[in-house]
Every structure is written in C-alpha cells, then in structure tokens.
Amino acid sequence: MKRKLLLIKTLSIFLLSNFVVRAQNMIFERIYDETLSQASYIIANENKEAIVIDPKRDIDTYIDFAKQNGLEIKYVTETHIHADFLSGSRELAQVTNAKLLLSAEGGDDWQYSFLHEPLNDLQKIYFGNLEIEVMHTPGHTPESISFLIRNLKNTSEPIKAVTGDFIFVGDVGRPDLLEKTAGKEGSQFVGASQLFESLNKFINLPKNTELWPGHGAGSFCGKSLSTVPQSTLEQEMSSSMAFKYLNDKKAFIEFVLDGQPEPPKYFSTMKEWNKSSRPLLIEIPKLKKLTNTEALKAYENNILIIDTRRKEEVAKEYIPGSLHIENSTSFSTFVGSLVSYNQPILLIASEAEIRDIQRKLIRIGMDNLYGYITEVKNFKNLKSSKIITAEEVLEYKKDKKVQLIDVRTASEYESGHIKGFENMSLNSLDEMSIRIQKDVPVIIHCQSGVRAAMAYSILERLGFTTILNYSGSINDWKAKKLPLVK
C-alpha cells in the first residue's frame with residue numbers, strides 16, 4: 001500500500017512538471033525549464049486567445065504549443081524584471097504581433113526603456129471569459145506584480161495567482177538581490193519591508209486561491225523552494241515559515257534576509273538587459289561545427305574553450321587552458337558565473353548535446369559562440385588531471401606546506417568541512433587564487449566532485465602546475481566516517 005501511494009504521489013508531481021488545466025472555457029499551461037528552475041505560463045480563453053507570462057528566450061516552445069492547440073497569442077507579459085534569465089517577452093511579442101504588457105510600478109529607476117503598454121496596480125484585463133487583475137506585490141523587486149486570473153464563466157473556480165518571484169511553494173522571494181547584484185546599498189531592507197506589506201495584503205485573498213510561482217527548487221531567487229509546482233494560499237499560510245512572521249515586521253526582515261544563497265555573477269547583467277533595449281534573437285542560429293584547422297586556429301587565437309564533457313572523460317585528457325564546465329541542469333548558471341559576456345566561446349560537446357547546450361546559453365544571453373568540436377584528440381600536448389583518494393589526502397595533510405582548498409559555498413563550508421581546508425567558493429576562485437602559491441601542491445574538493453573538476457581547470461588556466469583533485473569530495477569523506485569540523 002505504501003509503495004502504491006508513493007507511486008501515485010511521484011506520478012502526480014511528474015504530471016505537474018508541465019502542468020496543463022483544460023477546465024471549462026480555459027487552458028492553463030505551465031512550462032517548466034529545469035535548467036533555470038523557471039516556470040512560465042500560457043493561459044487561453046474560450047476564443048483560443050492566449051496570454052504568455054514570463055517566457056524564456058527560446059520562444060519556439062510557446063509558438064509550437066500555440067500551433068498545436070490552435071491558439072493565437074494576443075498578449076505577452078512578465079511579473080518583474082528578471083535577474084536569473086534573459087526574458088523572451090520582446091522576441092515573442094514581435095514574432096506573434098502580440099501586445100507587450102509590462103509593469104509601470106516601482107518608480108523611475110524600475111521602468112522598462114523600450115516600447116510596451118504599461119500595467120498598474122488593480123488594472124484589469126478582460127480576456128474573453130477571463131479576467132486578469134494586476135496586483136502590485138513589491139519586495140523581491142520594486143516593480144514586481146502578480147496576476148490574479150478569474151474564470152468569469154465559472155465563478156466557483158478558485159482564483160489562480162501567477163506570483164512570479166513574490167511567493168514560491170515553501171518560500172517567498174528574496175529581497176536582497178538588488179543590493180548583492182546591482183549594488184543598490186540598503187535596498188535589501190527596503191525590499192524586505194515592502195515584501196512584508198505585500199504579503200499582508202495578499203493574505204486577504206480567498207484562502208483557496210491557487211498559487212503558481214515563477215521558480216521551483218534549484219533557483220537562487222529564494223533559500224528553501226519546494227519541488228512541488230503549485231500550492232494554495234491556505235497551504236502556504238500554514239506551512240511556509242515566512243508567513244509565521246507576518247505580525248512582526250522586524251522578525252520577518254531578519255528571517256527573510258538570513259541564509260540567502262550567494263547569487264551567480266551574471267544576475268546583474270540580466271537585470272540590466274531585461275529592462276533595456278537590446279538586439280532580439282528571433283530564432284536559434286545553427287552553431288557551426290569547426291574543422292580541425294579552424295579549431296586549432298581558434299585555440300591559437302586564445303578563444304575560450306569550454307569543455308562540457310563528463311568530468312571522468314576530461315580527467316583522462318583535456319586541452320591545456322580549457323575551462324571545464326560539465327553539461328548539467330546547472331550548466332548555464334556556472335557559465336554565467338565564470339565566463340565574461342565579451343569572451344568568444346568554442347564548445348566541446350557531443351552532437352547529441354550541442355543543441356541543448358546552445359539553448360542553455362541563449363537563455364542567459366551567452367550568444368558569443370564561435371563554434372563547436374566533438375573531440376580533443378586532434379590537439380597536441382593534452383593533459384590529464386591528478387585525482388587522489390581520501391587516504392592520499394590524509395597523507396598529504398601531514399606536509400604543512402600543502403594548500404587545502406574547499407570550493408563549496410560559504411554556507412556549505414560552515415555546515416561542516418574537512419579540518420585544515422580553507423574556503424574559496426568556485427565563483428570567487430579566480431580572484432582569490434592570488435592567495436594560493438603556485439610552487440606548492442594544492443588539494444581541491446567540493447561536495448560531489450563536479451565543482452572541484454571546474455576549479456581544477458580554473459587553476460590550470462591560471463598557471464598552477466601541482467593541482468590535486470580529491471574528486472570523491474565531502475560526500476566520500478563522510479561515507480568513510482572521517483572527521484569533520486562543524
């Protein structure tokens with residue numbers, strides 16, 4: 001019986017990952033991108049007219065869905081100026097000739113600088129049988145809005161609230177990003193105060209209001225987001241910790257600002273590009289596969305090579321000076337944190353993965369792609385990584401000159417680390433490497449080995465020659481029941 005219930009629960013979560021409601025006179029589709037932990041929404045009325053909320057930049061997803069369901073995209077909008085991905089709102093509006101509706105709230109500093117139709121608090125969009133009400137919900141950002149969707153043909157149906165980065169399942173939007181990514185000093189306390197007020201306004205809605213957030217677990221826009229895609233106001237009020245402090249503003253501010261993860265470096269760029277005019281990418285260009293001659297010439301001209309193969313393959317042989325970032329759901333986040341937007345990129349990837357990798361990069365505006373190759377055997381002087389075991393780490397630690405570096409985040413390090421290891425997070429390793437001596441062995445590790453492999457390539461590019469990768473990392477250390485410092 002327990003196994004059967006678990007199967008039903010797992011199946012329910014799977015079906016909700018790209019959730020579609022086909023209620024009477026309404027289509028409500030959730031499009032979820034696991035690489036950004038980001039949700040966008042397509043909502044259509046009885047006349048097959050659709051509005052798209054928070055589209056990602058590879059807009060063919062929405063165009064294909066509209067064609068398959070006989071929809072005409074009439075409106076495109078978004079909940080706020082995004083920091084974690086490059087919005088596809090302008091591309092989608094241009095291709096479909098839809099009206100672009102964007103927040104006019106938040107003050108002069110948070111206005112979009114390109115043509116659009118403004119949306120204000122309490123404004124209503126009558127959309128066939130649907131009524132979409134704008135609610136200004138600042139806190140995560142000053143201009144943030146939520147959309148309340150009512151089916152006028154079925155008034156007993158609960159309100160659907162598309163909340164963007166205002167309310168998540170299990171969490172609320174972090175108010176500190178403007179200060180930590182855009183340098184707006186003191187803005188995190190202003191944002192936290194606004195978030196407190198917005199939540200206290202929002203809880204006056206009917207308790208069965210459905211909440212459809214802009215992100216799930218894995219996003220850096222909060223600290224404890226759930227994997228569950230949808231909730232209700234009643235459920236969040238009873239289970240989300242942030243709602244427990246709505247009678248005490250000081251306690252709420254302390255809670256919501258505490259323990260937020262370090263945001264990726266590219267967030268500040270996305271924030272600026274999403275509110276400013278920029279060239280639009282209407283379709284994904286075909287990426288050129290380079291000949292051996294072209295690839296070698298690019299290497300000689302110092303074009304950045306990003307090796308996306310699995311860490312085990314790269315450890316066996318890699319191109320000196322290449323940056324290793326394994327293709328995964330976190331690929332774009334790592335690239336955005338480690339690579340300059342001005343740097344031309346040559347990718348190493350399999351034919352089966354190259355299109356997926358290109359999409360991931362396009363979603364954060366990494367368009368400066370020179371081409372790709374699928375193998376490294378044509379390059380000379382290939383290197384291999386020096387991988388060591390936990391037992392070897394213990395031996396090396398006896399030498400006081402050996403440098404020990406933990407490349408996890410500060411919060412991970414503080415939760416428990418190997419004695420003697422210094423914390424230099426992967427995102428800051430390039431700048432902090434001046435504290436590491438090049439003529440002395442350095443051992444690096446992380447949680448599972450993935451970030452350590454990336455760190456290895458960063459140090460190798462910087463000229464370090466005696467790098468030792470404890471690839472088993474903290475998980476292996478714990479499994480062997482070796483001591484940690486807590």
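Before I show the first pair of helices, one definition: an axis here is a line fitted to C-alpha atoms, for helices over the stretch in contact, and an angle runs from 0 to 180 degrees between N-to-C directions. With that in hand, and with the reminder that what we are looking at is a predicted model, let me turn to helix 11 and helix 12, the latter covering residues 351-362, which pack at an angle of about 55° with their axes 9 Å apart. Angles from 65 to 115 degrees would count as roughly perpendicular and those under 35 as roughly parallel, so helix 11 is oblique to helix 12. As for the hand of this arrangement, helix 11 and helix 12 make a right-handed crossing.

Helix 11 also brings me to the second largest pocket, whose volume is about 250 Å³. This pocket is lined by 15 residues, and those closest to its centre are L323, L338, D430, I458 and R461. Which helices each supply at least two residues of that lining? They are helix 11, spanning 331-338, together with helix 15 at 429-432 and helix 16 at 450-461. In chemical character, the lining of the second largest pocket divides into 7 nonpolar residues, 4 polar ones and 4 charged ones.

Let me move on to the backbone, where two serines deserve a careful look. As background, most residues other than glycine have a negative phi. S37, however, has a phi near 50°, a positive value in a residue that is not glycine, and S37 sits in the loop that connects strand 2, residues 27-33, with strand 3, residues 38-44. Is S37 buried or exposed? The cut-off for buried is under 20% relative accessible area, and S37, at 6%, is therefore buried. The other serine is S473, which is likewise not a glycine and has a positive phi of about 65°. S473 belongs to helix 17, residues 473-479, and because its relative accessibility is 0%, S473 counts as buried.

I would now like to go through some pairs of positions, taking the location of one partner and then the distance between the two. In strand 2 we find D33, which is buried, with a relative accessible area of 6%. Between D33 and S340, which are 307 residues apart along the chain, the C-alpha separation is 24 Å.

In strand 18, residues 345-348, we find L347, and since its relative accessibility is 0%, L347 counts as buried. How far apart in space are L347 and G371, C-alpha to C-alpha? The distance is 6.4 Å, for two residues that are 24 apart in sequence.

R174 is placed in the loop between strand 13, residues 171-172, and helix 4, residues 177-182, and R174 too counts as buried, at 0% relative accessibility. Its C-alpha atom is 5.9 Å from that of C221, with the two positions 47 residues apart along the chain counted as their separation.

Finally, P483 lies in the segment after helix 17. The cut-off for exposed is over 50% relative accessible area, and P483, at 60%, is therefore exposed. The C-alpha atoms of P483 and Q343 are separated by 42 Å, the two residues being 140 apart along the chain.

To close, I return to the two serines and to the pocket: S37 has its positive phi in a loop between two strands, S473 has its own in helix 17, and the second largest pocket draws at least two lining residues from each of helix 11, helix 15 and helix 16.

Definitions and conventions
Residues are numbered from 1 along each chain as its sequence is written. This is a predicted model: local features need pLDDT of at least 70, side-chain atom pairs count only at pLDDT 80 or more; totals for chains, interfaces and linings use all residues. Side-chain values use heavy atoms; hydrogens and water are left out. On a 1 Å grid over the protein atoms alone, a cavity is a set of points where a 1.4 Å probe fits but cannot get out, and a pocket is an open set with protein on both sides within 12 Å along at least five of seven lines; lining residues have an atom within 4 Å of a point. Grid points are joined across faces, edges and corners, and a volume is the space filled by probe spheres set on the points. Helices (H or I, at least four residues) and strands (E, at least two) are DSSP runs, numbered from the N terminus. Ala, Val, Leu, Ile, Met, Phe, Trp, Tyr, Cys and Pro count as nonpolar, Asp, Glu, Lys and Arg as charged, and the others, Gly among them, as polar. Buried means under 20% relative accessible area, exposed over 50%, partly exposed in between (1.4 Å probe, protein chains only). Angles under 35 degrees count as roughly parallel, over 145 as roughly antiparallel, 65 to 115 as roughly perpendicular and the rest as oblique. A crossing is left-handed if the near helix is turned anticlockwise from the far one by less than a right angle, and right-handed if clockwise.
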